[in-house]
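Please work through the following exercises with the sequence and the model side by side. Each one sets a task and then solves it in steps.

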Amino acid sequence: MTETQTASPPTQRPVRQLLAASVGNAVEWYDWYAYTFLATYIADQVFPKSADNSLVPLLSTFAVFAVGFFMRPVGGLLMGAVADRHGRRAALTVTILLMGGSSLLVGLTPTYATAGVLAPVILVLARLLQGLSVGGEFAASTTFLVESAGPGRRGLFSSFQYVSTTVGQLVASGTATLLVATLDDGQMNGWGWRVPFVLGAVLSLVGFWIRQGAQETRSAEQRRGPRPGLFEALRRHPRESLLIGGITAGGTIAYYTWTSYLPTYAELNAGIEKSDALLAGTISLAFFALLQPLGGLVSDRYGRRPLLLFFGLGFALLTVPLLHTLRDSFAVLLLVQCAGMVLLTGFTSISAAVNAEIFPPRVRAAGIGFPYSLTVALFGGTAPYVGTLFKEQGHAGLFPWYVAVICLVSSVVYLRLPETAHAPLRR
């Protein structure tokens, strides 16, 4: 069938579509990132302390962070299949309810002092549910956003994936910064660290309500056709699956290093105060969110590949000097973070569009969700743990090289990537 024959009608209210995807996505990622920004407090309360090494509880906390990432491929596969079989909106409804429940579970997790080993077990369970939700959210919302876009606007709509992700992260960072600034250590360790997670559960209900008014983007022809199998995307499109892995590897490790781990990295390796590190992260995230639509618009005009190469080669060349520049200075940390955000926009602003343009509509959500989330788990989810482990073993200087090499490998993939910006989206 031709593109015209298979295309579904354009969405009637694109702004509402953006709102439905963005608000829900922001709430999802607020819940996910609150864990990262409060990792040191969770480590003190939920894990047993080691007399020999003060980094052991923090390593345990980041290990749970990574465990959540390894549920994301499962979520991408299962919720992607729901989106391909039952509609994008149905999948988005399930993911946000899952995230609200798991966020509440984190907020109610008992301390190790009161519950012993049950405390980390509950935290791991909550993090597994969060990983399932986030993996499914990316698969469904990526597909939903790009399919909602009009001609020549897929890059712009794509950019709102990370606008909303960053808004969620920004609210999480801002909430953590405010709590740290207004509460003393005893209050933060006692109950303060729980507040963001309970709030996240309430916000998830708001996101659920907004998504009820979204228009389904799955075409009428897809709804009439036979349902795709759970592993159909992997069986029939192995090259596309590998391609998404290559595209994502550099982007995800750079993203999680710069937006999640850098405050902790600066604390451990440059002596930055915790409050200064969180404040610099919050300001740079606001800057990053403003850059995303600009990147999307540029890609709609000039193509996806130039922006991807700007990102990949930029990080391959500059990660080491940027991270080695860090010292006990708020201004230097802020400049390093903002410089990385400019480079990172070359990937984040168009990631959703690039992924959606690779797969056919029948298996688009599951096809994107599994390889993307698996790659994020392998490289993004382990970044804080690897960085902290390098520090523990006395080789902190190797971590920037690790990031740079992976970005260089992805740059080779970008060089060979076909340009899809101006081709019609298969529907």
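The exercises below treat salt bridges, helices, a surface patch and a few single residues.

The model is a predicted one, in which local features need pLDDT of at least 70 and side-chain atom pairs count only at pLDDT 80 or more, while totals for chains, interfaces and linings use all residues. Residues are numbered from 1 along each chain as its sequence is written, and side-chain values use heavy atoms, with hydrogens and water left out.

**Exercise 1. Salt bridges**

Task: State how many salt bridges the structure holds, and describe the one between R88 and E147.

Solution: Begin with the criterion, which asks for a side-chain nitrogen of Lys or Arg within 4 Å of a carboxyl oxygen of Asp or Glu. The structure holds 9 salt bridges. In the one that joins R88 to E147, the closest N and O atoms are 2.9 Å apart. This pair links distant parts of the chain, since R88 belongs to helix α5 (residues 88–107) and E147 to helix α7 (residues 118–148), 59 residues apart. Helices here are DSSP runs of H or I with at least four residues, numbered from the N terminus.

Next, consider burial, where buried means under 20% relative accessible area, exposed means over 50%, and partly exposed lies in between (1.4 Å probe, protein chains only). R88 counts as buried because its relative accessibility is 0%, and E147 is buried because its relative accessible area is 5%.

**Exercise 2. A second pair, a third pair and a network**

Task: Find which helices are tied together by the salt bridge of E357 and R154, and then name the residues that shared partners join into one network.

Solution: The side chains of E357 and R154 meet at 2.8 Å, N to O. E357 lies in helix α17 (residues 351–358) and R154 in helix α8 (residues 154–182), so the salt bridge ties together parts that are 203 residues apart in sequence. E357 counts as buried because its relative accessibility is 10%, and R154 counts as buried because its relative accessibility is 8%.

A further salt bridge is formed by D300 with R304, with the closest N and O atoms 3.1 Å apart. Both D300 and R304 are buried. Finally, salt bridges that share partners join D84, R88, E147 and R364 into one network.

**Exercise 3. Helix α20**

Task: Compare the expected span of α20 with the distance between its end C-alpha atoms, and work out where its buried residues lie around the axis.

Solution: The expected span of a helix is 1.5 Å times one less than its number of residues. The 18 residues of α20 should therefore span 26 Å, and its end C-alpha atoms are 26 Å apart, which agrees.

The buried residues of α20 include F399, V403, I406, C407, S410 and Y414. Seen down the axis, the buried residues of α20 fall within an arc of 165 degrees, so they line one face of the helix; the arc is that of the directions from the helix axis to the C-beta atoms. An α-helix has 3.6 residues a turn, so residues three or four places apart point the same way. On the other side of α20, V409 and L415 are exposed.

The buried residues of α20 pack against α13 (238–270), α15 (304–325), α16 (330–348), α18 (364–380) and α19 (383–392), where contact means heavy atoms within 4.5 Å. L408 also belongs to α20 (residues 398–415), and it counts as partly exposed because its relative accessibility is 46%.

**Exercise 4. Helix α17 and a nearby question of contacts**

Task: Decide whether α17 is largely enclosed or open, and list the contacts of H237.Solution: Since 8 of the 8 residues of α17 are buried, this helix is largely enclosed by the rest of the structure. Those buried residues pack against α7, α8, α13, α15, α16 and α18.

H237 lies in the loop between α12 (232–236) and α13, and it is buried because its relative accessible area is 17%. Leaving aside its neighbours within four places in sequence, H237 is in contact with E232, F359, P360 and V363.

**Exercise 5. A surface patch**

Task: Name the residues of the nonpolar patch on the surface, and give their accessible area together.

Solution: Patches are made of residues with over 30% relative accessible area and no salt bridge, like charges being joined within 9 Å and nonpolar side chains (Val, Leu, Ile, Met, Phe, Trp, Tyr) within 5 Å. The nonpolar patch consists of Y112, V117, L118 and V121, with about 360 Å² of accessible area together; such areas come from the Shrake-Rupley method with a 1.4 Å probe, and for residues only the protein chains shown count as cover. Y112 lies in helix α6 (residues 112–115), and it counts as partly exposed because its relative accessibility is 33%.

Definitions and conventions:
Helices (H or I, at least four residues) and strands (E, at least two) are DSSP runs, numbered from the N terminus.
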